Amino acid sequence: MNAPREQVIKMYAAREEIYPREINGRYARLRWLFVWLTQLAFYCTPWLQWNGRQALLFDLGARKFYIFGLVLWPQDFIYLAVLLIISAYLLFLATAIAGRVWCGFACPQTVYTEIFLWLERKIEGKRSARIALDRQPLSARKLGKKTAKHLAWGAVALWTGFTFVGYFTPIRSLLGEVMTLSFGPWEWFWVLFYSVATYGNAGWMREQVCKYMCPYARFQSSMFDRDTLIITYDARRGEPRAPLSRNGNGNGGSCIDCSLCVQVCPAGIDIRNGLQYECIGCASCVDACNTVMDKTGQARGLVRYSTERAMDEHLTPTEIRRRALRPRVKIYTAVLGLIVLAACTSLYLRMPLKLDVIRDRGSMGREVEDGMIENVYRLQIMNTSEQAHVYKIAVSGIDTLRVADADTVRVEATETRAHPVRLRAAHGAGHAGSNKIAVTLTAVDDPSLHVQESAVFIVPR
Ligand code: SF4
Ligand code: SF4
């Protein structure tokens with residue numbers, strides 16, 4: 001009797017190295033346009049200044065997000081939640097219309113893989129040269145090329161990690177700390193963490209991230225329907241495949257079986273086998289096949305953006321566009337419009353004045369010459385409006401409490417001003433220890449513009 005055979009179910013297929021071939025074309029240009037736009041925005045934005053501070057800074061320590069003229073405080077974090085909801089809806093909308101267009105053109109994984117591939121090509125050469133190099137035994141030439149590639153990848157990854165941290169710590173002072181090697185441990189950790197993630201994901205893992213790690217890749221198919229644009233191979237026109245030599249005599253379909261569409265695919269799949277979950281919708285195969293069609297004198301579009309319905313019912317491009325505006329898309333658009341409208345209205349009606357009262361911890365409550373108790377504070381006043389205002393400072397909470405200095409302060413438009421102020425109360429007012437007080441700011445020219453913050457007044461025991 002034969003022993004039962006053991007069956008091994010592999011949960012993870014061993015990776016086969018993919019060597020995507022370079023391709024030019026409309027979609028390659030579009031993808032590089034996204035690379036430039038996203039990376040210029042990513043690398044340059046933290047260096048922009050606004051009112052003497054970093055224009056875009058997520059200061060987690062101070063719990064303030066600076067977004068150009070807008071300053072979001074912890075109580076404004078609802079706007080960030082709304083921003084995330086709007087981003088998610090935009091993604092749903094784009095996916096319902098054009099499938100994995102985000103994955104193929106703007107996702108950081110795609111963008112950094114494109115940059116790393118470009119470096120690889122510049123250093124190791126074209127696809128055939130890279131394959132040959134990997135098959136060669138180790139030599140000084142191979143070692144030199146591999147070292148140069150990894151150094152180039154490492155430099156991009158480190159600069160990316162540094163820039164990423166620069167969104168959370170002022171990037172100019174961060175640069176100074178890098179120069180003097182006086183980085184804090186958390187800065188080190190996050191710069192290295194993000195650098196290693198960039199290097200690993202874009203240099204080594206590439207399509208594996210999309211295949212096994214990205215949650216969006218898993219659930220987005222539920223947003224597809226028969227009218228969603230996908231990359232398709234027109235099998236009716238392409239089959240039976242025929243090598244070029246046989247194609248001229250009318251025996252074959254349009255596909256000359258050149259495999260160029262497979263060679264350029266960063267996911268390593270053959271689009272002629274139909275829609276596959278590994279396909280990131282980058283349209284490289286469209287560019288590749290159009291090039292082949294041009295060279296063989298055939299009409300473009302054997303591999304193209306189309307929809308399932310269009311393939312089944314032979315719809316024209318105009319009909320495809322008309323069907324794109326289906327009820328589901330209209331509902332997504334309407335909900336998105338409502339959310340954007342609500343967020344904009346709320347931002348418009350938001351009180352453009354913030355106040356932080358920071359007690360001077362260097363000087364405790366003290367008795368001054370006229371027998372009064374004095375505490376020193378710094379008022380952090382943020383005028384987020386577009387006009388300068390003079391604000392009147394009023395205090396309450398303890399009888400006889402008053403502002404010892406001038407009780408008005410002028411703050412320029414969108415200026416953040418640290419204003420020192422001394423508060424005094426008569427001896428015997430309040431109780432020994434901490435007394436809760438309130439500081440109110442009211443615009444002299446517009447009393448509806450006012451804000452109140454609580455603070456503590458220390459009476460010595
Ligand atoms: S590039 Fe076009 S012609 Fe060449 S194998 Fe792919 S589908 Fe066929
Ligand atoms: S099949 Fe085409 S669109 Fe899909 S990942 Fe490969 S090259 Fe990109």
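This passage describes the surroundings of ligand 1, helix H4 and the two largest pockets in a predicted model.

The space that ligand 1 takes up is the second largest cavity of the model, and 13 residues surround the ligand there. The closest of these residues are Cys255, Cys258, Ser259, Cys261 and Cys289. When the shell is considered by secondary structure, its largest share, amounting to three residues, is contributed by helix H14, which covers residues 284-295. When the shell is considered by residue class, 10 of its members are nonpolar, one is polar and two are charged.

Helix H4 covers residues 108-124 and thus consists of 17 residues. From its first C-alpha to its last, helix H4 reaches 23 Å, a value close to the 24 Å expected at 1.5 Å a residue. Of its 17 residues, 13 are buried, so that H4 is largely enclosed by the rest of the structure. Just after the helix, Gly125 takes a positive phi of about 100 degrees.

Helix H4 also contributes to the lining of the largest pocket, in which about 1,100 Å³ of space lies. This pocket is lined by 34 residues, and those nearest its centre are Trp102, Ala106, Cys107, Pro108 and Tyr194. At least two residues of the lining are supplied by each of several elements, namely helix H1 (26-44), strand S3 (56-59), helix H2 (77-98), helix H3 (101-105), H4, helix H8 (185-205) and helix H9 (207-213). In terms of residue class, the lining of the largest pocket divides into 25 nonpolar residues, eight polar residues and one charged residue.

The second largest pocket holds about 440 Å³ of space and has a lining of 29 residues, of which Arg31, Glu114, Leu117, Arg121 and Ser284 lie nearest the pocket centre. Helices H1, H4 and H9 each supply at least two residues of this lining, and H4 gives the most, with seven residues. The lining of the second largest pocket comprises 13 nonpolar, six polar and 10 charged residues, whereas one charged residue is counted in the lining of the largest pocket. Helices H1, H4 and H9 therefore appear in the linings of both pockets, each with at least two residues in the largest pocket and at least two in the second largest.

Definitions and conventions: Residues are numbered from 1 along each chain as its sequence is written. Chains are lettered from A and ligands numbered from 1 in the order in which they are written. This is a predicted model: local features need pLDDT of at least 70, side-chain atom pairs count only at pLDDT 80 or more; totals for chains, interfaces and linings use all residues. Side-chain values use heavy atoms; hydrogens and water are left out. A residue is near a molecule or strand if one of its heavy atoms lies within 4 Å of it. On a 1 Å grid over the protein atoms alone, a cavity is a set of points where a 1.4 Å probe fits but cannot get out, and a pocket is an open set with protein on both sides within 12 Å along at least five of seven lines; lining residues have an atom within 4 Å of a point. A molecule sits in a cavity or pocket if more than half of its atoms lie within 2 Å of its grid points. Helices (H or I, at least four residues) and strands (E, at least two) are DSSP runs, numbered from the N terminus. Ala, Val, Leu, Ile, Met, Phe, Trp, Tyr, Cys and Pro count as nonpolar, Asp, Glu, Lys and Arg as charged, and the others, Gly among them, as polar. The expected span of a helix is 1.5 Å times one less than its number of residues. Buried means under 20% relative accessible area, exposed over 50%, partly exposed in between (1.4 Å probe, protein chains only). Grid points are joined across faces, edges and corners, and a volume is the space filled by probe spheres set on the points.
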